[in-house]
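Here's a quick briefing to read alongside the structure. Have a look at it first, and then we'll go through it topic by topic.

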Number of protein chains: 2
Amino acid sequence: MHSKVTLADVAAAAGVSKMTASRAMRGAKDVSPKTVERVRKIAADLGYMGNYVAASLANNRTDLIGVVVPSLSNIVFSEVMSGIEDAIAGSGLQPFFGVTGYDPEREYQLVRKMLSWRPAGLIVTGLDQDNQTRELLSATSAPVVQIMDTDGDPVDLCVGFSQTAAGAGMAEMLLTEGRRRFGYVGCALDRDTRAAKRYLGYKAALQSAGITRVPEAVRNARSSVADGKALTADLLTQHPDLDVIYYSNDDLAIGGLFHCMEIGISVPERLILAGFNGLDLTASLPAPIATTRTSRRNIGIEAAKSILKRHASAGSSAPPALKTVEIQHVMDARQSITSI
Amino acid sequence: MHSKVTLADVAAAAGVSKMTASRAMRGAKDVSPKTVERVRKIAADLGYMGNYVAASLANNRTDLIGVVVPSLSNIVFSEVMSGIEDAIAGSGLQPFFGVTGYDPEREYQLVRKMLSWRPAGLIVTGLDQDNQTRELLSATSAPVVQIMDTDGDPVDLCVGFSQTAAGAGMAEMLLTEGRRRFGYVGCALDRDTRAAKRYLGYKAALQSAGITRVPEAVRNARSSVADGKALTADLLTQHPDLDVIYYSNDDLAIGGLFHCMEIGISVPERLILAGFNGLDLTASLPAPIATTRTSRRNIGIEAAKSILKRHASAGSSAPPALKTVEIQHVMDARQSITSI
DNA sequence: GTGCCCAACGGTACCGGTAACGGAAGCAAC
DNA sequence: GTTGCTTCCGTTACCGGTACCGTTGGGCAC
């Protein structure tokens with residue numbers, strides 16, 4: 001019945017007080033090495049396991065960092081999470097994740113629940129939370145980092161890059177390549193506000209160049225290679241004269257590439273395909289596609305670091321760690337483009 | 001200072017006792033609707049936010065389900081996590097994830113940390129934890145589900161499929177296709193014990209068919225499309241006569257396919273490529289590859305369900321929810337093969 | 001021996017909730 | 001009026017740790 005062993009049991013067995021046992025287990029000061037050893041030995045024998053819940057309540061803080069992402073089927077967020085993991089490894093902090101499925105209501109519930117755990121920090125995706133969620137985020141005393149996007153008004157900290165600049169940058173690169181007949185393929189733009197922002201930036205840049213007509217094929221489903229194939233087929237049937245298509249992400253673009261290979265359109269000579277994210281896979285494809293390499297691991301790392309930093313400064317001095325709107329750009333969207 | 005509002009404050013403001021306020025907030029019985037409404041109104045006005053830490057300590061349980069996966073860069077685990085999310089949505093439980101990076105020591109620390117949170121359940125990947133981890137898992141009173149693999153000796157619950165059977169099944173299918181010169185490409189077999197098991201099953205089935213020579217190209221790095229390309233090139237240089245290559249997963253096989261397309265080997269006519277997982281992408285490739293469709297979302301769903309079920313039964317009756325070794329096969333590895 | 005200091009340990013009061021039980025008020029049946 | 005049952009709410013005692021402050025005792029200077 002190891003699960004019922006409490007610190008008091010250990011203390012009793014070691015013939016010391018709970019307090020001493022507590023100090024011994026935590027490696028705190030004011031305990032003799034001999035006592036530490038004895039207590040730890042007995043704890044191990046008894047199968048004692050610390051109780052974080054009680055400890056957290058006692059000192060009014062947890063070691064948890066809440067991470068809110070919209071989706072797990074998108075490899076991009078897995079990589080962000082991976083970066084977070086790596087950055088806080090060894091700091092004693094522990095990330096815990098939640099998924100919204102791009103649903104604002106679910107996001108609200110999730111943030112609420114996470115805050116109820118009194119986390120050491122919160123990392124949320126995007127800048128476009130709805131009002132009630134935003135209110136929660138600004139009311140909490142824990143540091144909050146909004147990631148992936150810098151086009152907007154952060155609650156506290158912010159790590160990411162400009163999505164509109166990414167879209168615009170790609171458009172500019174494609175114009176430089178001499179293309180003029182632009183198309184667009186996207187998925188779930190109603191929920192994925194970042195993809196929508198890229199599209200806006202793309203269209204705006206084209207407009208500046210005098211290009212106003214941008215045929216699009218859009219679907220409200222989660223994006224996949226298969227969707228990319230189908231939507232590209234649709235778009236090219238309607239507009240066979242396109243010489244470039246911008247996709248809301250790499251998966252769709254890869255589907256587009258496979259479609260072109262099937263029906264014999266030469267990529268990139270006749271048609272340039274441009275995706276977004278710079279997945280590893282894009283470097284190995286049978287034909288080159290353009291893409292924007294997002295430094296998503298870095299975003300995770302920097303986001304975690306900024307929480308750690310906030311904690312370090314809060315621990316040392318008095319200032320109550322006010323919310324300070326700070327935007328950190330981890331990449332220049334225009335310089336990260338892999339052209340073809 | 002919303003973060004300092006406590007239930008006692010709410011109770012005082014509402015002119016009731018802490019206990020009544022608690023009941024009102026939780027929607028428990030024995031409170032008049034009028035009181036509930038008043039308390040909740042005041043709680044909202046004061047910006048009161050429940051404290052899960054305190055609540056969990058008080059009733060000695062949390063709503064957390066710990067999930068331990070080896071990697072996040074592998075889309076497979078993201079899909080498992082996604083399945084878990086969906087299955088427990090609405091149950092009030094909350095998953096929290098941890099990543100081991102295929103490191104047994106890190107896995108041990110992670111499991112320990114998670115158990116310190118007294119979770120409502122634990123889901124860990126694989127059956128091959130090291131001894132100290134296994135000890136933790138069998139000592140805890142929380143339900144433990146081991147997933148992805150059924151070739152071994154589960155601690156408690158188990159949801160997955162036989163990895164060796166998957167490897168063997170693929171070999172048998174390829175034999176039926178009339179192939180005789182088998183190769184193998186794999187990554188990180190020392191750490192990814194499931195991939196290693198598939199390889200064993202594959203070789204054993206070939207051996208039964210009288211095929212003992214299976215040239216391999218193996219690398220100890222995380223697998224990627226680029227690795228698949230490189231390793232395939234290596235293997236085919238050494239053994240140009242192969243007529244089938246089995247890969248430890250789809251990513252590598254896709255890399256292999258791209259290599260073949262580049263150097264003009266016809267797939268699948270001259271060379272069959274076989275991967276593993278049945279990623280969506282494999283259905284959209286320019287040339288067909290064989291694969292085994294793993295039902296990873298289902299594994300997540302069933303794992304979560306079995307924890308929920310255990311909880312339901314524990315809540316109703318007296319039996320202290322003993323560890324009962326139960327293996328649930330969510331798929332038949334031999335029937336899930338997509339041949340070419 | 002006295003005074004002083006510091007290392008090592010213990011007592012107490014929490015942290016913010018909740019379970020269990022008790023008790024007052026209101027109403028029906030006898 | 002008494003009994004008995006609800007309905008609604010309060011009191012008490014924790015849950016398992018930790019912060020804070022106090023206490024003890026042994027070593028050292030004088």
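How many Å separate a phosphate oxygen of DNA strand C from an N or O atom in the side chain of B:Thr6? The answer is 3.0 Å. Keep in mind that this is a predicted model.

**Meeting the DNA**
- A:Thr35 also has a side-chain N or O atom by the strand, 2.6 Å from a phosphate oxygen of DNA strand C.
- B:Ala54 uses its backbone instead: a polar backbone atom there is 3.3 Å from a base nitrogen of DNA strand C.
- Helix 2 (18-26) and helix 4 (52-59) of chain A each give two or more residues to the surface near the strand, and so do helix 2 (18-26) and helix 4 (52-58) of chain B.
- Helix 2 of chain B has the largest share of that surface, with four residues.
- In total, 24 residues surround DNA strand C, and A:Thr20 and B:Lys18 are among the closest.
- Of the strand's atoms that come within 4 Å of the protein, 62% belong to sugar and phosphate.
- Sorted by class, the residues near DNA strand C are eleven nonpolar, nine polar and four charged.

**Where the two chains touch**
- Chain A puts 55 residues into the contact and chain B puts in 54.
- Together the chains bury about 4,800 Å², with 63% of that on carbon and sulfur atoms.
- Four salt bridges turn up across the interface, including one between A:Glu85 and B:Arg106 at 3.2 Å, N to O.
- On the side of chain B that touches chain A, helix 6 of chain B gives the most, seven residues.
- That side of chain B has 30 nonpolar, 15 polar and nine charged residues.

Key:
Residues are numbered from 1 along each chain as its sequence is written. Chains are lettered from A and ligands numbered from 1 in the order in which they are written. This is a predicted model: local features need pLDDT of at least 70, side-chain atom pairs count only at pLDDT 80 or more; totals for chains, interfaces and linings use all residues. Side-chain values use heavy atoms; hydrogens and water are left out. A residue is near a molecule or strand if one of its heavy atoms lies within 4 Å of it. A polar contact is a pair of N or O atoms within 3.5 Å; within protein, one must be able to donate a hydrogen and the other to accept it, and residues adjacent in sequence count only if both atoms are side-chain atoms. Ala, Val, Leu, Ile, Met, Phe, Trp, Tyr, Cys and Pro count as nonpolar, Asp, Glu, Lys and Arg as charged, and the others, Gly among them, as polar. Contact means heavy atoms within 4.5 Å. Buried area is the accessible area (1.4 Å probe) that two parts lose on being put together, summed over both. A salt bridge is a side-chain nitrogen of Lys or Arg within 4 Å of a carboxyl oxygen of Asp or Glu.
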